[in-house]
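Visitor: I am new to reading structures, and I would like to understand how each label is earned. Could you take me through the reasoning step by step?

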Amino acid sequence: MSIFSKKQTKKVVVNAENHGYKPDTITFKQGKPAQLKFISSDNMGCMNEIVSKDLNFDENLDGKKEVIIDIPTDKPGTYNYACGMDMFHGKVVVK
Ligand SMILES: [Cu+2]
């Protein structure tokens with residue numbers, strides 16, 4: 001076993017044409033450092049913005065290929081996020 005605690009990194013593809021986030025549910029193990037990598041695609045529209053009140057972030061993908069967001073995993077739960085207009089939704093499950 002490595003002495004380094006490996007970060008859990010998971011990718012979510014953001015695609016307005018497919019109406020949302022793929023996959024729309026991401027699961028992390030509780031207690032291990034985690035990050036979500038949002039990968040942008042074409043025709044983003046309001047999906048340029050990713051907002052989560054649950055996880056306390058508001059990020060913009062404008063002109064970027066990806067945005068990496070650290071996800072706290074100290075508490076188990078289900079945390080929601082959405083596009084800037086709250087039309088498309090995804091969630092993070094920590095357990
Ligand atoms: Cu939207």
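Guide: What follows is a short conversation about labels and the values behind them. This is a predicted model, in which local features need pLDDT of at least 70 and side-chain atom pairs count only at pLDDT 80 or more, while totals for chains, interfaces and linings use all residues. Residues are numbered from 1 along each chain as its sequence is written, and side-chain values use heavy atoms, with hydrogens and water left out.

Visitor: How confident is the predictor in the protein chain?

Guide: On pLDDT, the predictor's confidence in each residue from 0 to 100, the protein chain averages 90, and 94% of the residues score at least 70.

Visitor: Why is Phe88 called buried?

Guide: Buried means under 20% relative accessible area, exposed means over 50%, and partly exposed lies in between, with a 1.4 Å probe and protein chains only. Phe88 has a relative accessible area of 14%, and therefore it is buried.

Visitor: Which residues does Phe88 touch?

Guide: Leaving aside residues up to four places away in sequence, Phe88 touches His19, Gly20, Tyr21, Met47, Tyr81, Ala82 and Cys83, where contact means heavy atoms within 4.5 Å.

Visitor: What makes Cys83 a donor of the copper ion?

Guide: Donors are N, O and S atoms within 2.8 Å of the metal (3.2 Å for Na, K and Ca), and sites may look incomplete because water is not among the atoms. The SG of Cys83, the SG of Cys46 and the SD of Met87 lie 2.0 to 2.7 Å from the copper ion, so they count as its protein donors.

Visitor: Are Cys83 and Met87 buried or partly exposed?

Guide: Cys83 has 2% relative accessibility, so it counts as buried, whereas Met87 has 42% and therefore counts as partly exposed.
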